[in-house]
Amino acid sequence: MSEFQVSCSLEAETKSDERALEELGVSQALLDRVAAHVCNGVSNNLYRADARFEISVACISDARMQELNKKYRAKDATTDVLSFGFFSDMEDARVQTGELLISMSQVRAQAVEYGHSVRFEWLFLFVHGILHLLGFTDDTDVTREQMEQL
């Protein structure tokens with residue numbers, strides 16, 4: 001069985017978040033490995049066997065996250081991660097592009113709340129976002145538990 005090809009790009013909205021990512025050891029190479037593992041581990045029949053996933057990841061402020069959450073989800077509050085689902089590239093149907101937005105403020109707060117490291121929380125939200133890109137939802141207790149089982 002062939003594996004999906006996955007590549008990620010990573011950017012931070014502020015120099016502070018950029019330094020935080022460096023300190024956490026969050027690199028493009030790490031994201032590529034984690035994303036490939038997730039995409040190949042929970043692959044479904046929605047994607048061609050020769051699909052290539054391209055994921056853009058950005059760390060943004062709570063203010064920007066709240067603005068986007070309000071615009072796209074009609075929720076006037078910040079959130080930890082937003083995902084904008086995989087779309088086929090018009091030039092190459094094998095290429096699926098998606099975008100993840102992660103709030104560093106929420107990452108830090110939730111790491112304290114849940115009692116684990118900031119790095120763990122960041123990577124947890126990254127994986128959580130990829131699962132959303134792959135079509136998983138967490139809008140009910142049942143679907144949330146299914147996602148957490150993965």
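# A guided walk through the model

A search of the whole structure turns up 0 disulfides. The structure is a predicted model. Why does cysteine 8 form no bond with the closest cysteine sulfur? That sulfur belongs to cysteine 39 and lies 7.9 Å from the sulfur of cysteine 8, which is too far for a bond. A disulfide needs its two sulfur atoms within 2.5 Å. Cysteine 39 is likewise in no disulfide, with the sulfur of cysteine 8 as its nearest cysteine sulfur. Are these cysteines buried or exposed? Cysteine 8 has 3% relative accessibility, so cysteine 8 counts as buried. Cysteine 39 has 1%, so cysteine 39 counts as buried too. The cut-off for buried is under 20%.

Now take the whole chain. The protein has 150 residues, and buried residues make up 37% of them. Its secondary structure comes to 6 helices and 4 strands. What order do the elements follow from the N terminus? They run β-α-α-β-α-β-β-α-α-α. The chain thus opens with a strand and closes with three helices, because that is how the elements run.

Next come the strands. Strand 1 covers residues 5–12. Strand 1 pairs with strand 2 in the parallel sense, over 8 bridges. One contact to look for is valine 6, whose bridge partner in strand 2 is phenylalanine 53. Strand 2 covers residues 52–60. Which other strand pairs with strand 2? Strand 4 does, again in the parallel sense, and over 9 bridges. Two positions help to line up this pairing. Valine 57 stands opposite leucine 100 in strand 4. Alanine 58 stands opposite leucine 101 in strand 4. In a regular strand the side chains alternate between the two faces of the sheet. Strand 4 itself spans residues 95–103. How many of its 9 residues are buried? The count is 7, so strand 4 is mostly covered, as buried means under 20% relative accessible area.

Between helix 3 and strand 3 runs a loop that holds alanine 74. The phi of alanine 74 is near 55°, a positive value in a residue other than glycine. Most residues other than glycine have a negative phi. Alanine 74 is exposed, with a relative accessible area of 69%. Exposed means over 50%. Aspartate 80 sits in the loop between helix 3 and strand 3 as well. At 17% relative accessibility, aspartate 80 counts as buried. Which residue lies 25 places from aspartate 80 in sequence and 8.2 Å away in space? It is serine 105, with the distance taken from C-alpha to C-alpha.

Aspartate 80 leads to the largest pocket. Asp80 is among the lining residues that lie nearest the pocket centre, together with Val81, His128, His132 and Asp138. In total, 24 residues line the pocket. Its volume is about 610 Å³. Which elements give two or more residues to the lining? They are helix 3 (62–73), strand 3 (81–88), helix 4 (104–114), helix 5 (118–133) and helix 6 (141–149). Helix 5 gives the most, with 6 residues. By class, the lining has 9 nonpolar, 7 polar and 8 charged residues.

Helix 5 deserves a closer look. It has 16 residues, and at 1.5 Å a residue they should span 22 Å. The C-alpha atoms at its ends are 23 Å apart, which agrees. Which residues of helix 5 are buried? They are Glu121, Trp122, Leu123, Leu125, Phe126, His128, Gly129, Ile130, Leu131 and Leu133. An α-helix has 3.6 residues a turn, so residues three or four places apart point the same way. Valine 127 is also in helix 5. At 24% relative accessibility, valine 127 counts as partly exposed. That class lies between the cut-offs of 20% and 50%. After helix 5 comes glycine 135, whose phi is positive, near 105°.

Valine 127 also leads back to the start of this walk. How far is valine 127 from cysteine 39? Their C-alpha atoms are separated by 9.5 Å, although the two residues are 88 apart along the chain. Cysteine 39 is the buried residue met earlier, at 1% relative accessibility.

Technical notes: Residues are numbered from 1 along each chain as its sequence is written. This is a predicted model: local features need pLDDT of at least 70, side-chain atom pairs count only at pLDDT 80 or more; totals for chains, interfaces and linings use all residues. Side-chain values use heavy atoms; hydrogens and water are left out. Buried means under 20% relative accessible area, exposed over 50%, partly exposed in between (1.4 Å probe, protein chains only). On a 1 Å grid over the protein atoms alone, a cavity is a set of points where a 1.4 Å probe fits but cannot get out, and a pocket is an open set with protein on both sides within 12 Å along at least five of seven lines; lining residues have an atom within 4 Å of a point. Grid points are joined across faces, edges and corners, and a volume is the space filled by probe spheres set on the points. Ala, Val, Leu, Ile, Met, Phe, Trp, Tyr, Cys and Pro count as nonpolar, Asp, Glu, Lys and Arg as charged, and the others, Gly among them, as polar. The expected span of a helix is 1.5 Å times one less than its number of residues. Two strands pair if DSSP finds at least two bridges between them.
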